[in-house]
Amino acid sequence: METPGGTVSAAVREHLRQLCLREFPCGTGSWNKSRFLPRTWRTWRELIPRDEEAVSPGEEPVEALLGLVRSPHSPWALLEGSSAEDRFLRELAIQNPLMLKDTFFYSYFRSLRVVDKQVSLVDKDLLKFLNLEELVLSANQIQEIDAVNLPPTLKVLELYGNEICSMECLCAAPPPRLQHLGLGHNKLLGPLESLYVTCNHWPNLVSLDLSFNDLTDLQGMMASLSTLRRLRLLVLQGNPLALLPYYRGFTIDSLSQLCVLDDITVSPSEKHQFRGLGRSGDLLARQAQLVVTIGNVKGVQDTSVLDPEPGPQGPFITYSYYVTYDFVEEEEGEGSEYGGVLAEIVMPSSSAEQLAEDIPEDVPEEVFEEHEDSAESELSAQSGEREDSLVSGGSAPLPGVADSAEELAKLRPRRDPRLCPSPGTVLFSTVRKPWTDVIPCSYEMQHTLKDLVPLKAFLLAGTTVTIVEEKILSWPAVLPPVDVPLPAKKGKGETDKKGKKEKDKKGKDGKDTAGKREKEVAKEQKGSKKKELPKELRQDPPILRVLGSGLVVLEPLLAGEPLVSEVCNFGVIRTLETDRLTSLRDSKNKNKRAKKEKTKPAAAVYNGDYQPQPLTVEVQIQLNQCRTAEEALREFAL
């Protein structure tokens, strides 16, 4: 529930009001007032007064009132998740309500939990809680804390999930007895934060949680934390500095008294393996390394079986398939080094101008339209129009000339947003592969990054993996001559002119010679086609179609997991028709033994047991971590 005022004391008062400590069945009223008239002098520790031998008419016995607050089915029952202190106060308000005064509350509470109450200010009224040892103010809107308002008796202070940008405000007058400080999931940023975690401010600190902030200075943080002689538990995961390959080993060797790091017990073998690494901090490169591996793609539909056979004038259609993913951009740029960046997709390009250069001016307007893949039937129909217009050569002029910028914008191809990287990232691609039942990508890319804060933000957001089909139409650079079949037509015409009588005179021999002639002409036509297949082809801009796209969650890498491995499932895109055609085409290209083996799955397809494989791709992202001090010095020494 929202807290009026936005202060801690106001949140506490609102919580006590919601407990209804002065309303039925708690407090005093017509249901129990006669029981407390002669016994108001007793201390609050004497919880249960003497029961009367006979209950006054109209009043309820104590047990009946307690049953109303204890029963989970009662309308006066506490809400689910209420604390033990809440239950105690409700029962105390029934047994001895006269003790519930402000002085009692300020001395009773040793623990206050004000979670998700939109608190933004820690006010001075908090000092009235004389015995307060634990204060939990998580999931609020606190940006700064006046440490003077914190009770000096505090031993546990939790401020998770707030908006604190610096620990400097806490160090003005820190509670001297504090043993646990929780500042996870805030906005701590900058190398100066290491100055506020020294023994001068926290001499008795045993446990410190700074997880999921934006701390980057590992060496400076370890130098300050080493002064905390009583520190035994430390949590730094989720910070950019925890992405360094030598983070765990460097921390363990720098803090020899540490028992638990990131909720994992520090073993004696770890201390031995990383011995001496803490003294080599200045020699280590401050960069993170991640390796992206993309394995097999399965369940891709073979679209080529739906295309007609190309004629001598084209188009010659080729299909290829690849996988893209976005990754955080480096300062120096990694595309030139690895050659995996899709520059034609990432960089803005005048694709419409390139299309206009490659295609004659008299081609109809449909050529310039980009096809959306939201409806596959519409895509097929439009792509068919494109091919027909290109084959015809186009003798008619354009229906109209674009006179304005808006009309020109309509001619520019629209790009699928899934083929564009998110801001601050670069799109990477596997090598294009032809269709097979299982397409092996065999892709591995190592990313080395020095700027760790954007890397952390990228891992929180995740990466988008997309399977793309690339369709390219190729045309002869020089069109082949079209007068090859003329001799056949001429011979046929001559025989037609001679008439029916002349054909009858030829008899059987004439029929044989005509049949032979037709076969020879057919062979010549086939031979001429093969001979005249163009050697030089010009290609249209590729037509890209997204087959499947999905988000891969990378946050486990921030939480301490070294590897994220996932098989992305995009559902079934194959159809019975295309699988039949693919099966028939493959069976023609195999020997008889292969044909016999192929009949069994074909029979399953035709008999109604058709179960197509979903479209999947194997993705792995690994965060490199050093296992020994020698490995860290060998791989990451400056």
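This passage describes helix packing, backbone features, salt bridges and a surface patch in a predicted model.

Two pairs of packed helices were examined. Two packed helices are described by the angle between their axes and the distance between the axes. In the first pair, helix H2 (residues 62-70) packs with helix H3 (residues 84-95) at an angle of about 155 degrees, and their axes are 10 Å apart. Angles over 145 degrees count as roughly antiparallel, and H2 and H3 are therefore roughly antiparallel to each other. The crossing in which H2 passes H3 is right-handed. In the second pair, helix H5 (residues 218-225) and helix H6 (residues 247-254) have axes 10 Å apart and pack at an angle of about 25 degrees. Because angles under 35 degrees count as roughly parallel, H5 and H6 are described as roughly parallel to each other. H5 passes H6 in a crossing that is right-handed.

Several backbone features were found in loops. The loop between helix H1 (8-18) and H2 contains Pro25. The peptide bond that joins Phe24 and Pro25 is cis, with omega at about 5 degrees. Cys20 is also found in the loop between H1 and H2. The phi angle of Cys20 is near 55 degrees, which is a positive value in a residue other than glycine. Cys20 has a relative accessibility of 29% and so counts as partly exposed. A positive phi, near 55 degrees, was also computed for Asp262, again a residue other than glycine. Asp262 is placed in the loop between strand S7 (260-261) and strand S8 (264-265). Buried means under 20% relative accessible area, so Asp262, at 10% relative accessibility, counts as buried.

The structure holds twelve salt bridges. Side chains of opposite charge can pair when their charged atoms come close. Three of the salt bridges are described here, beginning with the one between Arg17 and Glu14. The closest N and O atoms of Arg17 and Glu14 are 2.7 Å apart. Arg17 and Glu14 are three residues apart in helix H1, and they are therefore separated by about one helical turn. Glu14 has a relative accessibility of 14% and so counts as buried.

A salt bridge is also formed by the side chains of Arg70 and Glu91, with an N to O distance of 3.1 Å. This pair links distant parts of the chain, with Arg70 in helix H2 and Glu91 in helix H3, 21 residues apart. The salt bridge thus joins residues of the two helices that were described above as roughly antiparallel. Arg70 is partly exposed, at 47% relative accessibility, and Glu91 is partly exposed as well, with a relative accessible area of 24%.

In the salt bridge between Arg538 and Asp540, the closest N and O atoms are 3.8 Å apart. A salt bridge requires these atoms to be within 4 Å, so the pair is counted. Arg538 is partly exposed, at 33% relative accessibility, whereas Asp540 counts as buried, at 8%.

On the surface, a nonpolar patch is formed by Leu306, Leu581 and Leu584. Together these residues have about 240 Å² of accessible area. Leu584 lies in helix H16, which covers residues 576-588. The relative accessible area of Leu584 is 43%, and Leu584 is therefore partly exposed.

Note on methods: Residues are numbered from 1 along each chain as its sequence is written. This is a predicted model: local features need pLDDT of at least 70, side-chain atom pairs count only at pLDDT 80 or more; totals for chains, interfaces and linings use all residues. Side-chain values use heavy atoms; hydrogens and water are left out. Patches are made of residues with over 30% relative accessible area and no salt bridge: like charges are joined within 9 Å, nonpolar side chains (Val, Leu, Ile, Met, Phe, Trp, Tyr) within 5 Å. Accessible areas come from the Shrake-Rupley method with a 1.4 Å probe; for residues, only the protein chains shown count as cover. Helices (H or I, at least four residues) and strands (E, at least two) are DSSP runs, numbered from the N terminus. Buried means under 20% relative accessible area, exposed over 50%, partly exposed in between (1.4 Å probe, protein chains only). Axes are lines fitted to C-alpha atoms, for helices over the stretch in contact, and angles run from 0 to 180 degrees between N-to-C directions. Angles under 35 degrees count as roughly parallel, over 145 as roughly antiparallel, 65 to 115 as roughly perpendicular and the rest as oblique. A crossing is left-handed if the near helix is turned anticlockwise from the far one by less than a right angle, and right-handed if clockwise.
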